[in-house]
Structure formats: structure tokens, C-alpha cells
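Work through the following exercises with the sequence and the structure at hand. Each task is followed by a solution in steps.

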Amino acid sequence: MPELAEVELARRIWSPGIGKNVLTVQTHPKTRVYRDTPAAAIQDALTGSSLTASRTHGKRMLFTFEKNGEIFPLEVHLGMSGRLAVAPADHVEHKHDHLLIRLPELTLIYNDYRQFGRAHLHHEADPWAQLPPEILSRKFTLAHVQSLLTRRPRTSLKALTLDQSSFPGIGNWMADEICWRMNLHPATITGNVDAAALRKETQFVTRGALKHVADKNEGLLSDPSKGFPAGGYVSQVPPKSWLFQHRWKAGGQCPRCGTDLARGTIATRTTAWCPSCQPG
């Protein structure tokens with residue numbers, strides 16, 4: 001499932017539609033992506049509107065449409081296989097194009113062949129007002145991180161960092177990266193974790209992920225005339241000095257000390273760590 005940097009990159013794909021009017025909306029009403037809001041409701045709300053803004057929070061994307069002074073926030077989740085794309089106005093619908101937003105010069109596309117993602121409308125103008133602090137926000141303070149550790153002193157570090165109500169946007173590889181940089185085994189209980197170090201490394205990994213995954217790949221997004229981004233969203237990834245480059249398959253070695261990485265299931269997720277740098 002996409003993590004925060006991949007979601008931010010996906011959000012930027014629809015940016016050419018900002019400020020443009022929606023001519024028509026096409027959907028596949030019976031697909032599972034409309035399990036929260038009927039497709040017809042999205043069509044009615046967005047047709048004749050304009051896309052005014054977009055933002056992310058962790059793994060979530062929100063696109064704000066306005067019509068006759070009314071705000072229609074559309075939230076899009078990519079799930080396991082969803083992706084956004086921009087195509088020419090005359091784009092011919094693909095089999096798994098479950099949402100097509102036709103603008104005067106462009107088509108905004110949400111495609112999801114496995115249908116684990118979803119698109120739904122919120123009724124509040126600011127539906128995210130009560131979400132937890134984002135990792136790079138001013139509210140993600142040392143005191144806040146300490147409170148997260150204090151509330152759950154017996155959980156594993158891996159489980160806590162994967163908790164979207166505590167660390168929004170952190171996914172499997174980012175959680176492993178944080179643990180590795182802290183020299184802590186992913187199963188370390190949070191009662192033994194230093195809040196300052198956890199905050200520092202979480203913010204470092206988040207900034208690095210945004211830089212290497214979102215910023216560097218933004219210039220590689222497809223020209224609208226070509227439809228979907230060739231080869232998927234990401235071709236630029238974190239450097240080889242990160243655990244990221246070595247954790248995916250058997251035989252990988254720790255980029256810090258060269259020890260063969262260990263692998264197992266922690267917090268229900270496939271996990272990689274260095275037995276030397278992160279002793280259990």
C-alpha cells in the first residue's frame with residue numbers, strides 16, 4: 001500500500017486540473033470503490049464544479065471541488081493497486097478507469113484494477129479537522145511523541161510506527177527504516193524507546209521519503225498526451241545508504257555494517273532488520 005511520499009506524488013498528478021471546470025464525470029457505479037458514496041452522488045456533486053485545491057494527510061488524499069458556493073471534498077484512497085493519471089480530454093476509457101473527471105483540456109483518471117481503493121464525498125467543509133498531527137507539522141512535538149509512547153508502553157516499536165492514528169503515513173518500509181536508524185530491533189517495546197530519538201528519525205525518514213520519492217519523481221510524471229506514467233509512479237528511490245535499497249529480498253546486507261539482514265513477521269508485517277545493529 002502506498003506510503004505518505006507515494007501518496008503525495010499521486011496527489012500532484014492531478015495538479016494540472018486545479019482551477020479548471022468539470023464538464024462531465026464518468027463512473028463505474030457497481031465497482032467497490034464506491035462503497036462509501038454512491039457513484040451517482042459523486043457525479044451530481046462534481047459535474048459543473050471546479051477543482052480548487054488538493055492536499056494529503058498521511059496516506060489520504062483530499063480534492064476540493066466548489067460549485068455555486070458549496071464545497072465538495074472528494075477523498076481518494078489508492079488501496080493496493082489504485083493510481084491517478086492525467087490524460088487528454090478525448091481519453092478513451094480503460095477497463096479499470098472507475099472515475100473519469102472530464103475538464104476542457106484534460107481528463108483526470110482514477111484507475112484501480114483490484115478495487116481495494118475508494119472514492120467518497122465528505123459532507124463537512126473541513127473533514128480532516130480532527131485527524132492526528134502530521135509528522136512534519138508543528139504539532140508533532142516531543143511532548144506529543146512522548147505521550148504516544150506513554151499510552152502504549154508494551155507495544156512493539158514497529159506496531160506503534162505503523163499505527164495511522166499515531167504516525168500518519170508511515171508504512172512498512174518507512175517503519176523498518178526508522179527502527180534501523182535508531183539501532184533498535186523492530187520488536188523493541190515502546191517503554192524502552194527514547195522519544196527524542198524516535199521523533200528525530202521519524203521526521204528524517206519522512207523528509208527523505210518526500211525528497212527522494214515525491215520531489216525527484218514529480219518531473220518524471222507522464223505527459224498528458226501519453227496517458228498513464230510509464231512504469232508506474234516511482235523510478236527515483238532513496239539512496240543505497242538507506243535500508244530501503246536492501247530490505248526487499250533475501251541476500252540483502254546492512255548498508256551500515258554489511259551483516260546479512262534478518263527477516264520475519266512483526267506487527268503482522270514482513271520486517272527486515274540488521275542482527276548486528278539491531279540486536280533483539
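**Exercise 1. The hairpin of S2 and S3**

Task: State how many residues lie between S2 and S3 in their hairpin, and find the turn residue with a positive phi.

Solution. The model is a predicted one.
- Step 1: Strands S2 and S3 form a hairpin, and two residues stand between them.
- Step 2: Gly58, in the turn, has a positive phi of about 60°.
- Step 3: Along the hairpin, S2 and S3 run antiparallel and are joined by seven bridges.
- Step 4: Two of the facing residues can be named for each strand: Leu51 has Phe65 in S3 as its bridge partner, and Ala53 has Thr64 in S3.

**Exercise 2. The next hairpin**

Task: Follow the chain from S3 into S4 and describe Asn68: is this residue buried or exposed?

Solution.
- Step 1: S3 and S4 pair over seven bridges in the antiparallel sense. Phe63, for example, has Leu74 in S4 as its bridge partner.
- Step 2: Two residues lie between the strands of this hairpin, and Asn68 is found in the loop that links S3 to strand S4 (70-77).
- Step 3: Asn68 is not a glycine, yet its phi is positive, at about 55°.
- Step 4: The relative accessible area of Asn68 is 80%, so Asn68 is exposed.
- Step 5: S3 itself is mostly covered, with six of its eight residues buried.

**Exercise 3. The sheet that holds these strands**

Task: Give the strand order of the sheet that contains S2, S3 and S4, and name its edge strands.

Solution.
- Step 1: The order is S2-S3-S4-S8, in an open sheet of four strands with antiparallel pairing.
- Step 2: S2 and S8 are the edge strands, since each of them pairs on one side only.
- Step 3: With direction ignored, neighbouring strands of this sheet are turned by 20° against each other on average.
- Step 4: Helix H2 lies across S3, S4 and S8, and runs at about 55° to S8.
- Step 5: Gln115 is found in the loop between S7 and strand S8 (118-121). Gln115 has a positive phi near 65° and is a residue other than glycine.

**Exercise 4. The sheet of S1, S6, S7 and S5**

Task: In what order do the strands of this sheet stand, and which two form its edges?

Solution.
- Step 1: The order is S1-S6-S7-S5; the sheet is open and its four strands pair in the antiparallel sense.
- Step 2: Strand S1 (24-27) and strand S5 (83-88) are the edges, each pairing on one side only.
- Step 3: From one strand to the next, the twist averages 15°.
- Step 4: Helix H2 (residues 39-46) packs on this sheet and touches S1 and strand S6 (97-102). The direction of H2 makes about 170° with that of S1.
- Step 5: S5 pairs with strand S7 (residues 106-111) over six antiparallel bridges. Within this pair, Ala87 stands opposite Thr107 in S7.

**Exercise 5. A covered helix**

Task: How many residues of helix H1 are buried, and what do they pack against?

Solution.
- Step 1: Helix H1 spans residues 4-13, and nine of its 10 residues are buried.
- Step 2: Among the buried residues are Leu4, Val7, Leu9 and Ile13, and also Glu8, Arg11 and Arg12.
- Step 3: The buried residues of H1 pack against three strands named here, S2 (50-57), S3 (60-67) and S5, and against helix H5 (172-181) and helix H6 (195-218).

**Exercise 6. A loop residue**

Task: Is Ser156 buried or exposed?

Solution.
- Step 1: Ser156 is found in the loop between helix H3 (142-151) and helix H4 (157-162).
- Step 2: Buried means under 20% relative accessible area. Ser156 has a relative accessibility of 14%, and therefore counts as buried.
- Step 3: Leaving aside neighbours within four places in sequence, Ser156 is in contact with residues that include Pro186, Ile189, Thr190 and Ile266.

**Exercise 7. The second largest pocket**

Task: Describe the space and the lining of the second largest pocket.

Solution.
- Step 1: The pocket holds about 320 Å³ of space.
- Step 2: Of its 19 lining residues, Met1, Lys59, Arg60, His77 and Gln164 are the closest to the centre.
- Step 3: By type, the lining divides into nine nonpolar, seven polar and three charged residues.

Definitions and conventions
Residues are numbered from 1 along each chain as its sequence is written. This is a predicted model: local features need pLDDT of at least 70, side-chain atom pairs count only at pLDDT 80 or more; totals for chains, interfaces and linings use all residues. Side-chain values use heavy atoms; hydrogens and water are left out. Two strands pair if DSSP finds at least two bridges between them. Axes are lines fitted to C-alpha atoms, for helices over the stretch in contact, and angles run from 0 to 180 degrees between N-to-C directions. Contact means heavy atoms within 4.5 Å. On a 1 Å grid over the protein atoms alone, a cavity is a set of points where a 1.4 Å probe fits but cannot get out, and a pocket is an open set with protein on both sides within 12 Å along at least five of seven lines; lining residues have an atom within 4 Å of a point. Grid points are joined across faces, edges and corners, and a volume is the space filled by probe spheres set on the points. Ala, Val, Leu, Ile, Met, Phe, Trp, Tyr, Cys and Pro count as nonpolar, Asp, Glu, Lys and Arg as charged, and the others, Gly among them, as polar. Buried means under 20% relative accessible area, exposed over 50%, partly exposed in between (1.4 Å probe, protein chains only).
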